[in-house]
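Colleague: Could you take a close look at the nonpolar core for me? I would enjoy a connected walk through that part and what lies around it.

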Amino acid sequence: QVELVESGGGSVQAGGSLRLSCVVSGRPRSSYDIGWFRQAPGKEREFVARIRWNGGITAYGDSVKGRFTISRDNGKNTVNLQMNSLKPEDTAVYYCAARIAQNRPYEYWGQGTQVTVSS
């Protein structure tokens, strides 16, 4: 079992940048995926990015490719999401999540952090 705590949200103007962090506590296994999701008011939850705990294999949602970068800080058990060229449509609550393997659902979730991008 793992626990996830997000930080780094805030307000920024369009074109700006923010970096979100997710501290992963517990004993994540090498097969774990750590993902970022977001949910805007009135919209379904959307996949943003994920990274494999052991090898750093990454994947991104189409709407953020080329603008967001997910990475892992091994020494701090932290997964970061660097968000550049932010757009108003990136406004949402961002959640960090974990799953124990690629074929399993995400079952561990953080509390979320708000990102607001103004035009």
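**The nonpolar core and its surroundings**

Modeller: Happy to! In this predicted model, the largest nonpolar core has 29 residues, and W36, L81, M83 and Y94 are the ones that touch the most other members. Eight strands are worth following here, since each supplies at least two residues of this core: strand 1 (2-7), strand 3 (18-26), strand 4 (33-39), strand 5 (46-52), strand 7 (68-73), strand 8 (78-83), strand 9 (92-99) and strand 11 (113-118). In general, nonpolar side chains tend to be buried together in soluble globular proteins.

Let's stay with Y94 for a moment. Setting aside neighbours within four places in sequence, Y94 is in contact with W36, L81 and M83, and also with E6, L20, F37, R38, V48, F68, G112, T113 and V115.

R38 also takes us to the largest pocket, which has a volume of about 160 Å³. Its lining has 13 residues, and R38, A40, K43, E46 and E89 are the closest to the pocket centre. By class, the lining holds 8 charged, 3 polar and 2 nonpolar residues.

Two loops deserve a look as well. Most residues other than glycine have a negative phi. N77, in the loop between strand 7 and strand 8, has a positive phi of about 50° without being a glycine. N77 counts as partly exposed because its relative accessibility is 26%. S85 sits in the loop between strand 8 and strand 9, and this non-glycine residue has a positive phi of about 50°. With a relative accessibility of 40%, S85 counts as partly exposed.

Key. Residues are numbered from 1 along each chain as its sequence is written. This is a predicted model: local features need pLDDT of at least 70, side-chain atom pairs count only at pLDDT 80 or more; totals for chains, interfaces and linings use all residues. Side-chain values use heavy atoms; hydrogens and water are left out. On a 1 Å grid over the protein atoms alone, a cavity is a set of points where a 1.4 Å probe fits but cannot get out, and a pocket is an open set with protein on both sides within 12 Å along at least five of seven lines; lining residues have an atom within 4 Å of a point. Grid points are joined across faces, edges and corners, and a volume is the space filled by probe spheres set on the points. Ala, Val, Leu, Ile, Met, Phe, Trp, Tyr, Cys and Pro count as nonpolar, Asp, Glu, Lys and Arg as charged, and the others, Gly among them, as polar. A nonpolar core is a set of buried Ala, Val, Leu, Ile, Met, Phe, Trp, Tyr and Cys residues joined through side-chain atoms within 4.5 Å. Buried means under 20% relative accessible area, exposed over 50%, partly exposed in between (1.4 Å probe, protein chains only). Helices (H or I, at least four residues) and strands (E, at least two) are DSSP runs, numbered from the N terminus. Contact means heavy atoms within 4.5 Å.
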